[in-house]
Structure formats: structure tokens, C-alpha cells
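Student: Could we go through this structure together, one question at a time? I would like to see how each answer is reached.

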Amino acid sequence: MFDRRFLEHFDWWLFLAVLLLMAIGFVNLNSGSAATGYPFQWKQLQWYIAGIVLMLSLVLFFDYRLLTIYSVHIYLIMVFMLILVVFIGKTVGGSQRWLSLGFMNIQPSELAKIATVIILSSYFYHDDRPQYGLTDLWRPFLLMLVPIFLIYHQPDLGTALFLVLIFASLVYMARLQWTSFLLLLGTAIAAFPVVWEFLKPYQRGRIMDFISPGRDPLGAGYHISQSKIAIGSGQILGKGYMKGSQAHLNFLPEVHTDFAFSIWAEEWGWVGAVILLGIFFLMLYRGFLIASQSKERFGAFLAFGVTAMLFWQVVINIGMVMGLMPVVGIPLPLVSYGGSSVFTTLIGVGLLLNVGSRRFMFQKGPRPR
Amino acid sequence: MKFKVKTIWRVKRFDQLDQEANKWRCDVAILIMFLCIVTFCARLWHLQIVQGEHFREQSERNRIRSVRLQPPRGKILDRTGRLLAGVKPCFNVCLVREDVGDMEALLAKLSPLLGETEAEIRTHLGSEHKGPKYAPIVIKRGADWETLSRIESRLFSLPGVFIEVTPARKYPYGSIAPHLLGYLGEISREDIVKKRYTGARSGDMVGKCGVEERFENDLAGIKGQRRLEVDAGGRLIRVIDEKPPVPGKDLYLSIDLDLQQASEEAMKEYVGALVAMDPQTGRILALVSSPAFDPEAFATGINNEEWKALNDPVSRPLQNKTLQARYAPASTFKIVMAAAALQEGIVTKNTSFKCTSQFRLGRSFFRCWDWRGHGQTNLYKAMVESCDIYFYQVGLMLGIEKIEKYANAFGLGSKTGIDLPNESRGFIATPDWKLGRYQEPWQEGETLITAIGQGFTLVTPLQMACLTSAVANGGTLYCPVYLEKMTGPDGHIVKSFESIPKDKLPISKSNLRIIRKALVGAVNDKKATGKQCKMPDILVAGKTGTAQVVGQAKRRQDQKLDWKYRDHAWFVAYAPAEKPELAVAVLCEHTGHGGSVAAPVARKVFETWFQIQSPLPVLRPHKTAFNVNNIDDHV
């Protein structure tokens, strides 16, 4: 029943990268907790343990191919949860994002990321074409539009745009016609002034700050300039663990979530930051490798989608704290505090390991059609 | 379903072409990802190594400090606007560990200045050692002027030390009703984690019990913020912006300062509780739990010994005995019994039983408190002389279910609903409860002792005050209120607190009149148990109680008994009997008879109250000659 090849194909490197990220996340949150006075790290440890259990059981007892059928159910559950948020969601800091389960608050928009990857992979698996034109894409686009609208409504512009990025990544994987690509690009540029009108003043402020960071050092650009000072002042070896003055003196906002990387870079310096980037590289590299080695379309799409999801989170978060991107509230996978984010990431990694481990099952036999 | 599961195991495989295209796309993605990571590393190199020195300098220099501006805490005043708890500045000596440098040398210098040994100062530091180095630590709270001036003049040679001003409570009349007012203490770790108070941070002082805790959010006000730009040495360069604090709201209590002071004075030598209430509105005029504690002691921090004294298991100074301690109601419960018996039609005011000082039930004997017996006794006499035999008879005829029903109707066994945390509900036993608790059926003997307020029954002094008020005002049970109004800093009324009628006693007017008449007798008759509360020009109505703490066998002469085995003394009363203005419930723990100890305390309270009401020696319009039959027409 249990195939030995299963273990042979299990991606230990990916697993190791995840464990290292958790260790770093915990150590880093320990410092962030001391800075803010709230004991975040122990809660996070609980999420880690629960997430690992969930991830491993996903690998062992679940065949990802079942998702070709159940993706529709997952999608509907996700939409249902997002609608629930509209009605009974908990409001924190001006936006209504959380569902209270009593023992924890879940953030359905986080879980929507992984659900989106699954439904789109499943769609492109069933709708198998050598190339896609714009007319072939309106159906998956409509699928996406529902959660994007609901999340934008919360309001959470960052996550809404994030879903668009996932969509774009999977369309890239599905091969888009050149003409369609150019058309889309043109439309996007043309649409920008219209979108600008729809943005809230603080969102415009963030984009303006990105374009000219020195515009208002105490206003909306304050966080980024403080974050850059935090990272820069770490120098080569950092200020030492628990000694980051920017974080501990409360110059840095949100040290436990969005700005977790800044406190890490401040306390561990260039060496620590590069090591962290290296671990992320390892994780993403193994993810893309699983996608490229997959023997069938669904697995390839699923693995690629999950890896792209992680990739965009890393790029947006780290790019933001270093001042390379506008301020968008996207957490750094496994390093930022947050149960929903940890679960989403670990479910994603669980699917990756799943695809990788079950590769051998396609080695024999004719192609059925 | 089975069919579906079978087919998905055979998903479409890639053909050669697709496989290659797939690999190519993934390779491009890996390349892009690699470039991104390299870009990040380069950017980090630029930020941390090329510009590192510049940013390091900025992080040292860049000190936009945010200073919280403490709003003045709201005042607590009595019903006439006299200040019970105000605000004064409190000077704390603080220390920032990061700026100290040589800690040993600093402690050596500080020790003589503060008048504390180095080890003592270290204990303040040690308790918060885990916090960040940049956070100030309070090493001396509420320093006096002498210490302050010594430190202030040497501040330049004490790196890292500074003096912080926070608002603290001042009590112009000394400690008044500390159990009601509560005190200020440092916010607990738990409250911070649970975010109980918005904007509170570790080291803040918050209300710890009573009014201070209950109205913390109103009294505290809203903290302001001032952002300052300072240099590396902490010197101010400029003020960036400021959000002023919003002062807290003032609270007017229904407490009367004079009455409260007199009540506290009267209760001084006893352990116990006293509640004085306006029977017509349910407003509390005085609330005493004795012994008191000093609320100011908590502000400067208390040592181990003081803490032990405050938690003394015998006198329990921190407990608010008026609403948290439970006692057997003893003979004061006879008010409930008499009302129940009359209302149920078991007795009329003329029904009499013979008291031979002994009552036999089955094979056991139940005694009256007076060994001589009371002879033929009717309701009036039974109340006046507090005859136990009469109420044994009544209890037996009523049965425990009826007793329980009426006790509940008088507000016993449930919270009075006063707006303070941790109120006790007291206890009224039922046969079902006993069966569940002891697996034994209810005994008739237990009905007997319940009828005279002993046994399982437990009440709080506040409940008895409400009960007395209800009898006095003609049958309305009020929810006790200790607040008059809340005003904003400019004096406009934010909220006023109305009196809250809770329930009607299920007793007819005429029956209540009989009881009131008996209560007047219980203070004013020749053989009355409560005659020590009799006043020359005002008609007082009341009922004594003597709650046994141990069984008859151990009780001999009270004076010879160990203190903790002595009886509790009860006295509940109201005056003037014709038109009640004040109702009082007094309980003195382990002092003996209610008539000899609690009644004089109540008398002092009444004397003070009527002195306040008409300070000049004029005849009160309704002064009565001693004739209890008059009162019917007035009530």
C-alpha cells in the first residue's frame, strides 16, 4: 500500500527550509514581542505546530489529484466565508477582515490566496489549450473577480491586487498569446488614471511616498523611512539580538507582522538578512523544481501557483520594507505573526510536497484520453 | 462517486512537447526569482554597508520621542460637592538603563540620596529586567520634596536618571470610604495583555476596586501625545506636534461626607460593616467596612508586612464587608418571618403562643434566648422582645418553602444589583439544595432555626439595608445607588443616575403597618431589645439581631469566650418612624449582643444625620411624644 518511492520523492530540502523559516520567525517574534509588550511568540508557536501537523497530514493522507474535483467546493466555501465577513466580520483598525471563531480569529482573505491557486489550477487543467487568447480567459477572470471584489470591499487593496498577481502568474504558465499580452498591458496603463480616482487618500499617499520618499517624513512615508533606517543601521553584523533600537523604541510600526523583516535585518545585519533570503531562495527554488518536474498538467499548475504565491509575498513584503515598493500590507510567509497566514503558507507547502511526492505515480502506463 | 475517484487517478499526463514547455517556463520563473533575490541582496548591501554608517548615525540621532501627556484624573465628590478624592502631582524618580553606563557607580551615588540601600534599589530594577533597555523604570514612586531637591541638584552627575510627574490621588479629608472609592495601583500584566483599558501601558496607575475600578474609563480621561525631536543625549531639539489630553470626568457620589465620617468613627473599634441609605430613593448615604485601609499606601508601593496586614484573615481589611461578607441574619430575619406569617394568614396581630423558654420538636428541645421565657406572646411582643419560641411556631406552620419564597421576595439570596464588582448574593437554603449537597433530606429542626435567622441562611449588610428601607418606605425594594451624577471637566452633566425601584414587597399595607409598629416598639418599649438606640426627640424603629457563630454547647459567658467564637451583633433601623429619612444596617463581628453593641452605633449615625438636617436646636415639626399608636396616621 505505502510506496517506498513516496519517501524517495519527498522533498526534504523544502521541508528543511520551512523548518528554518519557522525557527527564524519564532526567534524574531521573541524580540518583536519584547518591543511591543505582547507575548506574540507563544501563540505563533501554536500556529506553527498546528500548521505542521496539518501540512504533514495533507502530504500523507490526501492525494492532491482529488482537488481536480473538490476545487469547486473549496472555492464556494471561500466565497461563503468572504461573504460572512461582510456581515459578521470583526473590524480591526478600520477594515473588516476577521471572522471570530472564539479561540482564534481567522482572516478569510489569507485563505482565499490558496483557494484561488487551487481553483485556477483546476480550471486550466480541465480547460486544456495550447494557447489562450483574451476570449478564452473571461471565465477564469470572472471566477477571480468575485473574491477580489469581496476583499477590496473590506477594504484590503493589497490582498485584492495580490489575487490579480496569482491570476497573472497562472496565465503565464498557461501561455498567453503575444497579442493578448500586449493588449492587456496597454489596457492596464490606460486604466491607471481611472484606478487612481478610486483609491483612498491614504492609498494614494503611499504611492506618492514611494515615488518621492522624502515628501513627508512624519506623514505616510514615516514608516518606510523608519524601516530603512532600521535595516541600514544593522550594518554587517547587526546590533545584536533584542538590541534593535528602532524596533524597541517603537519607531517601527507593526514589528510583529509587516515589518518583521526590518527588525531581523536591524538585529542580525546584512549577514542575517542574506541568510534569510537564502532560505527563501531554497524554498522557492524547490517549489519551482517540483512544478517543472511534474508529469501532468494539474500538478504543474498547482505547484507553480503555490510557489508563485509565496514568491510574490516575499517580493512584495521585503521590497516594501526596503523601500523598493509602495506600502502594502502583505505578510512575510512564516516570519510574520498571524495564524491565517501561517496556515495558508503551510497548506501551500503541503500541496507542493504532495505534488512532488506523488510524481512517481505517472512513470508508467499509457496516456489515457 | 466511486467512478469519479477511479478516473481522477488517471489524470492526463504531459506529452513530450508539453513537458519541455513546462520545464522552460519554470526555468524562466526560477531565473526571475533568482534575479529578485540578488536585487534584494544588492539593495541590502547598499542600505547596510554602503549607507550603513549614515543610517546607524541616524538611528542614534533620530530620536523622535513620543511623550504621553497624562490627563488629570476625574475627581470624586460627595453629594454636596465636597472633594473626597482629588488629584495631586506625584514625582517619580526614573532610570533608563541604556543611558546609565556604570550601574555600580550610579547605585552607590543614588543610595544615600534616596535613603535606600543599593540592594533595595536593585529590587526595583530587577522586577522589570526583561523589558527593553530603553524603557524607563520607576525606582522611587512619590518621592518627597527633600529627596527630589537632593536629586534634582545632582542630576548632571547621575546619567540616565530623570524625574517624571504623574497624577496621583489626594484625599483632602483623609481616607473616606476606601472600600467604595477604591484605590489606584499599577496596572497588572493581565490587564495589559487583555487590553482591558484602552491606551494603558505598563507602569500606569489604574483603579483597582470600587468606584475607581468601575469607572476607570470615565475617570482616566484620554491620554494626549507630544512628539519631540531629541538628540542622542535626550536633549530636546523641538516639539513636532501635540495632541492635548482630555481630562477625566468627575463623579458625584450619593455619599454624605459628614455622615460617612461619623459612621466610620462609630465603627472604628469594631470589625464589621455599616450601610446608611435613603429609604425613599435607595441612595446610599454612608458605606463603611471596618477596618479601613489607606488608599494612598498603594500609590507609593507597599512592603511585604503591610501587605500581610491588609490580608489578615481575621479582620480582612481589603474586603468590602457591606456587600462581599455574608452573615447569618439572626433575629433581624424575624421581620421577614412576621411579614410572611401575617400575609399568609397564619397569625393575626392578636394570635399568641406561650413561651416557656423551651420548645419541643420530636425528641429535641429548642431554646428561647431568654431562659425565663416570655409567657403569653403575641406578634408585637415577640418582635419587641425578640422571642424565639413564637417564631419557631410560625416557622413550623409556614414551612421552609414559604419562608424561602418570602426571603427571596425581600431581596435576600440574590444580588441587590449595586453597580460594583464582586457582590455576594448571600444564601437562602432549600430542601432541594440540601439534598443535592449533603444527600440528606431537610429536617424540621432546620426549618426552626431558619425561622430565627440561623442555620444556612446568609445575607450581606447591604441586603439588610435594602430590606429595612423597603419596610420603611411602604414596600418598595430599591436597587441601591451610590452615584448622583457624572460631569464633564467644564461642569456640564454627562450622565445623572436615577434611583432604581426594583420590586414591590408582596405584603399588604396593613400588614406592613403592624410590622412597623412592632419595630418602633422594639426600640422604644420598656423591655425592648434595641432600647439603646432610643432617642429623645426622634422616633426610631429597628430590630436587633445576635448571630451565633458556634453552637449552644460552646457558648457560655460571652466575655470569657475566645474572640472568634463570640456572636455577631446586628441592628437594622430607620428613623423618623413616621416619615423615614434614613435607614441603617449595622453589623459588628464577634462583639456579642446586637442590642448592646450595634444599636449604639446606629444611634450615633442617626444623631449625626438629624444634626446635619437641622443643626439648630429647633423642634422638628413631627416631633412625637412616645405613643406608638400615633404613627399609623402618618405613614
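Here is a friendly set of questions and answers about this predicted model.

Student: How many helices and strands does chain A have?
Tutor: Let's begin with the whole chain. Buried residues make up 49% of the 369 residues in chain A. Its secondary structure comes to 14 helices and 3 strands.

Student: Is Tyr48(A) buried or exposed?
Tutor: First find Tyr48(A) in helix α3 of chain A, which covers residues 40-61. A residue is called buried if 20 or more other C-beta atoms lie within 10 Å of its own. Tyr48(A) has 21 other C-beta atoms within 10 Å, so this residue is buried.

Student: Which residues does Tyr48(A) touch, leaving out those up to four places away in sequence?
Tutor: Sequence distance can mislead you here. Val342(A) is 294 residues away from Tyr48(A) along the chain, yet their C-alpha atoms are separated by 6.9 Å. Not counting residues up to four places away in sequence, Tyr48(A) touches Met22(A) and Val342(A).

Student: What share of the contacts in chain A between residues at least 6 apart in sequence join residues at least 24 apart?
Tutor: The pair Tyr48(A) and Val342(A), 294 residues apart, is one example of a long separation along the chain. Taking contacts in chain A between residues at least 6 apart, the share joining residues at least 24 apart is 71%.

Student: Which strands stand at the edges of the sheet in chain A?
Tutor: Start with the order of this open, antiparallel sheet, which is β1-β2-β3. Strand β2 (residues 95-100) pairs with β3(A) over 2 bridges, and Leu99(A) stands opposite Ile106(A) there. An edge strand has a single partner, so one side of it is left without a neighbour in the sheet; these strands are β1 (90-92) and β3 (105-106) of chain A.

Student: Which helix gives the largest share of the side of chain A that touches chain B?
Tutor: The contact takes 49 residues from chain A and 40 residues from chain B. Several helices of chain A each supply at least two residues to that side, including α2 (12-36), α4 (67-88) and α13 (297-321). The largest share is 12 residues, and it comes from α12(A).

Student: How many residues on that side of chain A are nonpolar, polar and charged?
Tutor: We are still on the side of chain A that touches chain B, to which chain A gives 49 residues. They divide into 31 nonpolar, 11 polar and 7 charged.

Student: Which strands are at the edges of the five-stranded sheet in chain B?
Tutor: The 5 strands form an open antiparallel sheet in the order β12-β11-β23-β22-β21. Inside that order, β22 (residues 568-575) and β23 (residues 582-588) of chain B pair over 7 bridges, with Ala573(B) opposite Val584(B). The strands that pair on one side only are β12 (283-290) and β21 (541-547) of chain B.

Student: What is the handedness of the crossing of α15(B) and α22(B)?
Tutor: The axes of α15 (residues 334-344) and α22 (residues 509-524) of chain B come within 9 Å and cross at roughly 145°. Residues that meet there include Ala338(B) and Leu342(B) from α15(B), and Ile514(B) and Ala518(B) from α22(B). The residues of this contact divide into 7 nonpolar, 2 polar and no charged. As for the handedness, the crossing is right-handed.

Student: Which residue follows α4(B)?
Tutor: Helix α4 of chain B has 12 residues, 103-114, and reaches 16 Å from its first C-alpha to its last. The residue that follows has a positive phi, near 75°, and is Gly115(B).

Notes:
Residues numbered from 1 in each chain as written. Chains lettered and ligands numbered in written order. Predicted model: local features only at pLDDT ≥ 70, side-chain atom pairs only at ≥ 80, totals over all residues. Helix = DSSP H or I, 4+ residues; strand = E, 2+ residues; numbered from the N terminus. Buried ≥ 20, exposed ≤ 12 C-beta atoms within 10 Å, placed from the backbone. Contact = placed C-beta atoms within 7 Å. Nonpolar A, V, L, I, M, F, W, Y, C, P; charged D, E, K, R; others polar. Expected span 1.5 Å × (residues − 1). Pairing = 2+ DSSP bridges. Axes fitted to C-alpha atoms, helices over the stretch in contact; angles between N-to-C directions. Left-handed = near helix turned anticlockwise from the far one by under 90°.
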